[in-house]
Every structure is written in structure tokens, then in C-alpha cells.
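Me: I should like a close look at a single part of this model, please. Could you describe how its pieces are arranged, and set that part in the context of the whole?

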Amino acid sequence: MAGVDAARARAHAVLRVRGLAVAAAALPTAVAVVLLAGRLTGRLGAPGSADAAAWDTARWIACGLAALSLLVAGAVAGVFARARPLRTPAVTVREQEAPELYRLVRDLAARMEVPAPSAIALTPDCDSWLEDPDPAEPGRLLPGRRPEPSAPVLVIGSPFLWWMRVPELRALLAPVVAGTAASADPEIAAARRFVRGLDAAGAAVRRGRAADRGRSPAAPARRLLRRPALAVLDRVTRALLGACRGHAAELERAVAAWASEQAQAVDYGLRIAAQEQVGLAYAGWDRLLTRVALPAWRIRSLPAHLNAGVVAALTELSRRDRLAEGFEQRLGDRPACDLLEEPGAVDEATSLLAARLFHGVLGDAAAGGRGWSRVGWEEYPGGVVDRIWRTQAAALHDAVDRTEPGGPGNGPLPRLGPGGPTAADTGPTLARVLERLRAGGSDRLAAALGAPADPACAPPGDPAEPGAVLLPVPPRTGRDLLVDHVTAMVCCAAVDTAGAVPGLDWLDGPALLVGGARRVDFAAPVARAVEQGDDGPLRDWLEDVGVRLEKPVRLA
């Protein structure tokens with residue numbers, strides 16, 4: 001019970017800040033009422049008395065201050081009432097879509113004697129939490145009963161459902177579901193609402209200032225009125241947040257400790273194993289997004305089953321990583337996604353949401369409009385990997401043409417061989433690229449490529465989804481881009497002339513398969529050819545694979 005008392009004490013501290021704010025706003029009005037009452041009763045500045053003029057002046061000043069304070073308080077309260085905290089985008093799962101999952105959550109809540117969540121939602125992230133329900137879509141969890149107004153929504157990370165087994169998911173969700181008890185406490189709920197209202201008001205101030213900066217100079221009057229109002233609201237919000245931020249943080253820590261204590265008796269031993277799977281799921285999910293999904297998003301393709309892909313990625317990680325050895329043996333148990341009626345449909349919805357959140361794709365574009373296309377895992381090698389290679393090879397060929405020796409703005413490069421240009425000098429052949437690198441043309445090619453020419457670095461073609469958290473793209477030099485493009489040219493030549501095929505590595509993304517085996521041993525020779533102009537090792541590798549350098553490759 002220590003956690004309960006600590007949480008309530010912090011909630012009282014937050015509510016005291018709210019009470020002091022209300023008292024400060026009402027104080028000028030109270031003083032004005034007292035002065036007016038004294039005037040009516042004749043006790044303060046009665047007519048004809050010596051100090052009547054001074055009391056009248058005080059009353060006018062008090063009434064003016066009261067009117068101003070009420071105006072400011074009303075405006076601030078109105079903003080607080082209209083402000084809505086930013087909600088984490090999630091895919092709502094209704095009870096008819098996952099009756100077993102709802103039953104599992106209800107059983108957890110009953111075992112811990114806490115209120116059941118009002119609904120369940122999935123998010124493309126490796127985390128789980130409770131969130132306030134959307135008033136427009138409250139959802140239902142308890143059959144035949146309306147959910148309590150304060151019952152939160154249980155948000156579950158979608159990779160957990162596909163990677164974890166049912167007992168592991170139950171153990172992992174126990175402390176999260178236990179947090180509904182705090183949401184049902186009226187004092188804790190009131191304190192949280194107050195803090196969330198302050199956060200939402202601060203966000204409204206930032207949006208208003210951003211809108212003012214974007215307005216045309218044709219509306220200066222409205223801007224002059226908005227700026228003082230936003231300044232006052234910002235000052236009030238900052239003061240209140242500064243007064244209660246520490247108490248709110250301690251409140252959440254106490255609530256977390258309370259929930260953990262309540263969940264001690266529910267699958268405690270299994271929860272330790274489940275936490276190990278959380279770390280593994282996060283590692284596999286991150287690799288899948290950055291190495292597999294992101295290259296597809298950059299060329300306007302949408303992998304439709306990311307959660308199914310994370311199982312393959314984690315299985316591959318378990319096979320390669322000695323520390324994860326044995327984790328794939330769990331796959332014989334029932335996966336948590338079996339608790340869904342249609343896992344494939346839910347996977348598609350969360351995969352679309354992942355594209356919106358991590359690449360800024362708007363919903364209509366991600367749905368298949370404006371050049372976007374969905375791609376399954378069986379289509380990924382041909383629809384994404386080969387397309388990326390061909391596009392990069394075309395960009396490299398264009399750069400070679402634009403940096404032709406003796407061309408406009410280009411000084412002459414030394415010619416190789418006694419004769420004039422050959423067929424390899426004019427067509428999209430790997431031989432032409434290697435000759436240019438051997439002649440010292442790496443710097444010119446790297447400068448000609450540039451970041452915009454690289455499809456793997458292109459920004460999303462649609463406006464970013466509000467609230468999107470774009471995956472970070474590390475800065476890359478021109479030489480890095482040139483290495484990528486030459487690698488793509490080598491892969492295209494191997495596919496066109498040596499019987500190689502594009503493939504998918506679940507942890508590293510696009511892969512070249514020669515004779516059914518993944519080949520990565522050409523990376524160092526490619527880097528050497530670009531950095532030093534020494535293409536001997538790369539030519540040896542190409543000869544060993546059977547690549548014909550002089551044959552033109554097919555470009556995008």
C-alpha cells in the first residue's frame with residue numbers, strides 16, 4: 001500500500017497547484033466583491049465620508065483587475081478545455097476481431113482485481129502502455145456493460161504479438177494492465193488530466209506561433225491580437241508546468257511501482273523470460289525497419305506484412321547470434337498473433353501505420369495512391385531489390401555520361417589503351433565504369449551523383465504525417481554513394497550475365513544470391529576500386545563468378 005499512498009500524495013500536490021492557480025485567478029474578483037459589498041453596506045467609504053473618494057478609486061481599480069483576471073482566466077480555461085493531448089497513432093482492435101485477446105486481458109484484470117481496459121489497440125513499436133480512450137470511439141471490453149469513463153485503452157506493440165508466445169505476452173502485459181487501478185482512482189485521474197491539459201495547451205501555443213510565422217503579411221491585425229494572447233497563455237502554461245512537473249514525474253513512478261507490486265503474483269518467473277524477448281524483438285524490429293522496410297519505402301513500395309517479417313528476422317538473428325541461440329525453439333509454441341481472428345489484415349494495417357510513422361507517408365498515398373504500391377515478401381527481391389539496383393545503375397551510367405572526358409566543363413581524363421573508344425565506352429557496361437574508376441574518375445563521379453540522384457536517400461514524395469518520427473538517415477559522402485552505385489552496377493551485371501538473382505536478407509536487406517548462396521565478398525573489392533582506383537581484385541571476383549564486363553546491363 002506504500003505505492004498507493006505515494007501516488008495519491010503526489011496527485012494531491014499536483015491538485016494543490018491547480019487549486020492555487022484557481023485561487024490566484026479568483027483573488028482580484030474576491031477583493032472587488034468585498035469592496036463593493038462594503039460600499040453597499042456603508043462600512044467602507046460611505047457617501048459623504050472623508051475617505052469616500054479613496055475607496056471609490058480602490059473599487060474601480062479592483063473591478064478593473066477583476067475583469068482582466070476573469071478574462072485571462074476564462075481564455076486560458078477555454079484553451080485548456082479545447083486542447084486535446086496528442087494521441088499515439090494505433091490500430092484499434094475490436095473484440096469481434098480478437099475475442100481471445102480480449103479474454104486474456106479480462107482474465108489478467110480479474111486476477112489482479114483491477115478494472116479492465118476499455119479497448120485494445122496495436123502500435124508498430126516494441127512497447128506497451130495505457131492511454132486515455134478516444135471519446136469518439138470508447139470501445140467495449142466487458143460484455144453487456146458500458147466501460148467506465150476512466151478506463152484506459154491498452155496499447156500493445158504489434159511485434160510482440162508475432163514474436164512472443166501466448167504465456168509470454170500474458171506475463172508481459174500483467175504490469176501494464178495493473179496500471180488501470182491508478183486510472184480508476186479519482187484523484188490520480190484528475191491530476192493526470194490537469195497535467196495533460198497543460199501539455200496540450202503548450203502544444204497549442206507552439207502551433208499558433210508556427211501558424212503566425214506562416215501567415216501572409218496581409219493579416220497584420222489578427223496577428224497583433226494573437227501574439228499577446230499566445231504570450232500570456234505561454235507564460236501561464238510554463239509557470240504551472242514548472243510547478244507541477246516534478247510532482248507529476250514522481251506520481252508516474254509511484255504508479256509504476258504500484259502496478260508492478262500488484263502484478264507480482266501473475267507469472268512472475270515467466271516475465272523475466274518475456275523481458276529477454278522484448279530486447280530481442282526490439283533488435284530484430286529495428287533491423288527490419290532500417291535495412292528492409294526503409295529501402296522499400298524510399299522507392300514508394302509498401303511491405304504489407306512487417307510483423308510477419310520480424311519473425312523471420314528474429315529467427316535469423318537467433319541462428320546467427322550465439323547469445324540468442326535457442327530462442328527459435330520457442331516457435332513451436334502458440335504465437336500470440338493466433339489470438340487475432342485475421343492476423344494478416346491486422347498486420348497490413350499496422351504495417352501501413354509504420355510507414356506513416358517512420359517515413360512520413362500520408363494515409364491515402366500509403367493506401368496505394370500517387371505511385372505507391374504494396375509488395376509481399378515473395379515479391380520483395382524482384383519488386384524492391386532489383387528495382388533499387390537498376391535505378392542506381394541508371395544513375396551511375398548517367399553520371400558516367402555527364403563526366404565524359406573532354407565534355408563541357410570537364411578536363412580530359414587519360415585514355416586507356418592505344419585505340420579510340422570501344423563499345424564498352426559508350427554503353428551501360430560494367431567495363432566502362434571500371435575503366436573510369438581506374439582512370440581516376442572517382443571524384444568526378446561522386447560529385448556528379450550527389451545525394452538527390454541516389455534513390456536510396458530520396459526523401460518521401462508526400463508531405464509527412466503529422467507527428468511522424470522519421471527513421472534517422474546517417475549523413476553520407478559522395479564516395480559512399482559512389483560505392484553503393486558501383487555495387488548496384490556489379491549486382492545488375494551479375495544478374496544479367498552470370499545467372500545471379502536478387503535476394504532478401506532479413507537482417508541486412510538487399511542481397512545478391514549466386515548459386516543459391518548469398519555473396520558479400522565483393523564489398524571490399526568494390527571499395528578498393530572506388531577509393532584507390534585499383535579494380536584488379538574486383539575483376540578477379542567478377543571473373544570467378546562469370547560476369548561478362550562488356551555486356552550492357554538492363555537499366556531501370
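Reply: A residue is called buried when its relative accessible area is under 20%, exposed when it is over 50%, and partly exposed in between (1.4 Å probe, protein chains only). Cys 244, at 0% relative accessibility, is therefore buried, whereas Cys 63, at 28%, is partly exposed. This is a predicted model, in which local features need pLDDT of at least 70, side-chain atom pairs count only at pLDDT 80 or more, and totals for chains, interfaces and linings use all residues. Residues are numbered from 1 along each chain as its sequence is written, and side-chain values use heavy atoms, without hydrogens and water.

Of the 556 residues in the protein, 45% are buried. The protein has 19 helices and nine strands, taken as DSSP runs (H or I, at least four residues, for helices; E, at least two, for strands) and numbered from the N terminus.

The part chosen here is an open sheet of four strands in the order β1-β2-β4-β3, with mixed pairing; two strands pair if DSSP finds at least two bridges between them. At its edges lie β1 (91-93) and β3 (128-131), each pairing on one side only. On average, neighbouring strands of this sheet are turned by 30° against each other, direction ignored; axes are lines fitted to C-alpha atoms, for helices over the stretch in contact, and angles run from 0 to 180 degrees between N-to-C directions.

Helix α3 (residues 99-112) packs on the sheet and touches β1, β2 (119-123) and β4, where contact means heavy atoms within 4.5 Å. The direction of α3 makes about 115° with that of β2. Strand β4 (residues 153-157) pairs with β3 in the antiparallel sense over four bridges; there, Val 155 of β4 is the bridge partner of Trp 129.
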